[in-house]
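Trainee: I'm new to this one. Could you walk me through how some of its labels are earned?
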Amino acid sequence: MAEVKVHTFDAVIVGAGGAGLMAALYAGRSAKVAVISKLYPTRSHTGAAQGGIGAALGNMEEDNWRWHAYDTMKGSDYLADADAVHRLCQEAIPTVIELEYMGLPFDRFPDGTISQRRFGGHTNNETGKPVMRACHAADRTGHMILQTLYQQCIKNDVNFFDEFHVVDLIRVGDSVRGVVAIEIATGDFHIFHSKAVMFATGGWGRCWEVTSNAHSLTGDGTAICLRRGVPLEDMEFYQFHPTGIFKLGILITEGVRGEGGVLLNGEGERFMERYAPSIKDLASRDVVSRAIYLEVQAGRGINGKNYVHLDITPETVNRYLEADGETRRIDRDYIEAKLPDIADFTRTYLGVDPVTEPMPVQPTAHYAMGGIPTDIDGRVLASADGTTLPGLYAAGEAACVSVHGANRLGTNSLTDLVVYGKFAGLDMANFCNTTELLPLPDDPAAEVMAEFARLLNNPSQVKAYEVRNQMQQTMTRNVSVFRTEETITRALVDLGQVREAYEGVGVEDKGRQFNTDLLEAWELGCLIDLAEVTAVSALARQESRGGHARDDFPERDDMNWLKHTMYLKTPEGHLLDYKDVVLKDEELGIEYVPKARVY
């Protein structure tokens, strides 16, 4: 089909977001590293993260990383692993300071320290009140992290292959030998031969109709690992962010609520006072998303429609700040300084000025808590017993360490990227420096080249976008904020039809150069795989926990379901296994006892 070229490196990192760049920076200090990205690196989706990165710096009020760890465990509905949470929260502090030393332009308090704001689920564990823990650069924190890390990688001579689309993992038995990629500009296939491979390819929000995810987030790395015999962990847990722009899904950062914004229903009521009387609008995301859904179902959406208002207007916010006993007040200049991108988004896409009008919002598919299972050094697990697959790594949203459990707290995604990207990079470098390069198998690109040839030469007129729409519609209707056995079963039937239709998908563009029509058809196959895994895992888990809410099993069931799901696709069909949640923090000598979450 096309010429195949071979490149040799110690380590290959797939994905140039925050996790991939952090890993490249650390691995590249002692190993020859290639970063392969289907986008130009600074277009990676990390750049869309707005509100902040969580670290218990305590710059304006008392805070400590143990409180951060407790909030993370509590917010996860006790499905996060304590050892992973310990590392995340303890290492967040020096890692954020390291980013500052790299040149990241954080906002600052008047005394020169890094500015911090409140975020949902982050509390002072003694008072139960929200605490300022989110370090931020206005409302473009992810963008600044991405730019800073990319500049550091360029400075340190990391090798980049931009606009190369990785489409397969070369696995031989219990070893990995590299990856296969397509050079988008030419259509040529390339083999990247290496000792180690890391996937940092992000999430798969495009399984649903309304998502905050970019067009490019199609779960490629996760689906590739699944196809190469790697189990996926906790795939039933997908977070719906409560405040996406109505119909568009573009995110309105939690930082709006951290700065004082309030959610109001069609009756003008601050309804979160009923669902989370203590922490109110800053409850964790799963709680707020379900509250919005319930308000809409009860007919209290705005003008009877399926959205509510997020109000950051000074008049409204100052009234509620006064009622809450706070002395601070906000004005137009404050909003323009703290939330410039949000103000621009809403004016551009909605024609709404957030300084004078409330913003229409609805829950939007946002973040995968599950993914490729790893240990705390980023090494991919080959089974539920903890056996690792030598040379294979994952980090960021594509991975499940598990630090988010059933529900991720806001700001912890960026923390996860840089902390676990760093440790994966360190371990990968050590692996490469103590391991010999294994030979490639015969014709390692043949299988995936045959699949692309099938898509390219399929005479069918079935369009990829039509099949994708069908998949997104059934996932939105049936495996969304709330699920039941009936709806999930219906989704699985529909997905079977979607898979059958996918076999007939053809592409109109028969050329080699920049054939996005062909690549999107292949990406659709990844999305279908992950939608199916999500539905199968959700059907099996007969409880409600975090981002997985079952109307037919509304209670959390710690007796039967305090465990991680491990899904493996076999020739015989779906295989589900389970592994224990790590609730004991051995270093601190404490065990997290699951409790009802009260806000």
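Mentor: Sure, and we'll start with asparagine 478, which counts as buried at 2% relative accessibility. Keep in mind that this is a predicted model, where local features need pLDDT of at least 70, side-chain atom pairs count only at pLDDT 80 or more, and totals for chains, interfaces and linings use all residues. Residues are numbered from 1 along each chain as its sequence is written, and side-chain values use heavy atoms, leaving out hydrogens and water.

Trainee: Why is asparagine 478 called buried?

Mentor: Buried means under 20% relative accessible area, exposed over 50%, partly exposed in between (1.4 Å probe, protein chains only). Asparagine 478 has 2%, so it counts as buried.

Trainee: What does the side chain of asparagine 478 make a polar contact with?

Mentor: The side chain of arginine 490, at 3.2 Å. A polar contact is a pair of N or O atoms within 3.5 Å; within protein, one must be able to donate a hydrogen and the other to accept it, and residues adjacent in sequence count only if both atoms are side-chain atoms.

Trainee: And valine 401, is it buried or exposed?

Mentor: Buried, because its relative accessible area is 12%. Leaving aside neighbours within four places in sequence, its contacts (heavy atoms within 4.5 Å) include Asp81 and Tyr420.

Trainee: What makes strand E13 largely enclosed by the rest of the structure?

Mentor: Eight of its eight residues, 238-245, are buried, so the label fits. Strands (E, at least two residues) are DSSP runs, numbered from the N terminus.

Trainee: How do you know that E13 and E16 pair?

Mentor: Two strands pair if DSSP finds at least two bridges between them. E13 and E16 have six, in the antiparallel sense, and tyrosine 238 stands opposite alanine 368 in E16.

How values were computed:
Helix = DSSP H or I, 4+ residues; strand = E, 2+ residues; numbered from the N terminus.
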